[in-house]
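Welcome! Here are a few exercises to help you find your way around a new structure. Try each task yourself before reading the solution.

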Amino acid sequence: RMINKSGEIRSLLDKGVVIEKTADDRPLKIIGTHTDITSIKQTEKALRENEEQFRSLAENIPGILYKYEYGNDGKERFTYISPEPEKKIGITAEQLQNFYEIIHPEDCEREKRTSKKAREKNKPYHFEGRFKVPDKPIIWLNISSSFLNINPEGKSIYTGIILDITKEKEAELAIQLKEKKYRNIIANMNLGLLEVDTNETVQFANQSFSDMSGYKIDELIGRS
């Protein structure tokens, strides 16, 4: 580095060649160049700082960050997976690379349609589905990404995040089962029951109320 006349520290790249030597073969004259590479060094520093910030973000979010590429030849793969995927989403980086081998068969075609639709117009991608890896129960993942660019090889690059939503899905299922049980009970009660929303619009009626009112259940739903 060099301090110039104004007191600024500048980074230099020095290159030189020996053009004349002494009788005992020591360098006598050297000719060379000095290139100001301050801006390059500043860029390198900014990239290192950004990389450190990105690494810190990746380590502290509840899911994993990733980069994914789609080739024109139909091949696709993860090119980056942030640290500790098994700890955060229950699936290793190696298992993720075999994406279509671990996705639930019933969700596979839906994912492929979602992926194709996103790639056709470089639109954001969002998918929720089930995944099965050896010796583990079903894992629900929420996967979201957005188009980044097309690289020099013509491959479409997406960056995104994967979250484990298994607990949320299990809670949803539990609520649905309780609601179904509740509906089955009140549907068969002798008392007439009517459920309305804040706008006094009928949302539910059991058979007893239908019999009392003379309206069919489907005629009652939506009435104010």
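**Exercise 1. Find out how strand 7 is covered and which strand it pairs with.**

Step 1: Strand 7 spans residues 125–131, and five of its seven residues are buried. Buried means under 20% relative accessible area, exposed over 50%, and partly exposed in between (1.4 Å probe, protein chains only). Helices (H or I, at least four residues) and strands (E, at least two) are DSSP runs, numbered from the N terminus.

Step 2: Strand 7 runs antiparallel to strand 8 (residues 139–150), and seven bridges join them. Two strands pair if DSSP finds at least two bridges between them.

Step 3: For one facing pair, look at Tyr-125, which stands opposite Ser-145 in strand 8.

A note on what you are looking at: this is a predicted model, in which local features need pLDDT of at least 70 and side-chain atom pairs count only at pLDDT 80 or more, while totals for chains, interfaces and linings use all residues. Residues are numbered from 1 along each chain as its sequence is written, and side-chain values use heavy atoms, with hydrogens and water left out.

**Exercise 2. Locate the salt bridges of Asp-25, Arg-26 and Glu-69, and say how accessible the partners are.**

Step 1: Start with the rule: a salt bridge is a side-chain nitrogen of Lys or Arg within 4 Å of a carboxyl oxygen of Asp or Glu. The structure holds 11 salt bridges.

Step 2: Asp-25 pairs with Lys-21, their closest N and O atoms being 3.6 Å apart. Asp-25 is exposed because its relative accessible area is 53%, while Lys-21 is partly exposed at 46%.

Step 3: Arg-26 meets Asp-24 in a salt bridge of 3.1 Å, N to O. Arg-26 has 54% relative accessibility, so it counts as exposed; Asp-24, at 48%, is partly exposed.

Step 4: Glu-69 and Arg-77 are joined at 3.0 Å, N to O. Glu-69 is buried, with a relative accessible area of 8%, whereas Arg-77 is partly exposed at 44%. Both belong to a network of salt bridges that also links Glu-153 and Lys-155.

**Exercise 3. Describe the largest cavity and its lining.**

Step 1: On a 1 Å grid over the protein atoms alone, a cavity is a set of points where a 1.4 Å probe fits but cannot get out; lining residues have an atom within 4 Å of a point. Grid points are joined across faces, edges and corners, and a volume is the space filled by probe spheres set on the points.

Step 2: The count comes to one cavity of 30 Å³ or more, and the largest cavity has a volume of about 120 Å³.

Step 3: Its lining has 14 residues, with Tyr-66, Tyr-68, Tyr-70, Glu-111 and Tyr-125 nearest the centre. Strand 5 gives the most, with three residues.

**Exercise 4. Where do Glu-84 and Asp-135 lie, and what phi values do they have?**

Step 1: Most residues other than glycine have a negative phi.

Step 2: Glu-84, in the loop between strand 6 and helix 2 (85–89), has a positive phi of about 60°. Glu-84 is partly exposed, with a relative accessible area of 44%.

Step 3: Asp-135 is in the loop between strand 7 and strand 8, and its phi is positive too, near 65°. At 83% relative accessibility, Asp-135 counts as exposed.

Key:
On a 1 Å grid over the protein atoms alone, a cavity is a set of points where a 1.4 Å probe fits but cannot get out, and a pocket is an open set with protein on both sides within 12 Å along at least five of seven lines; lining residues have an atom within 4 Å of a point.
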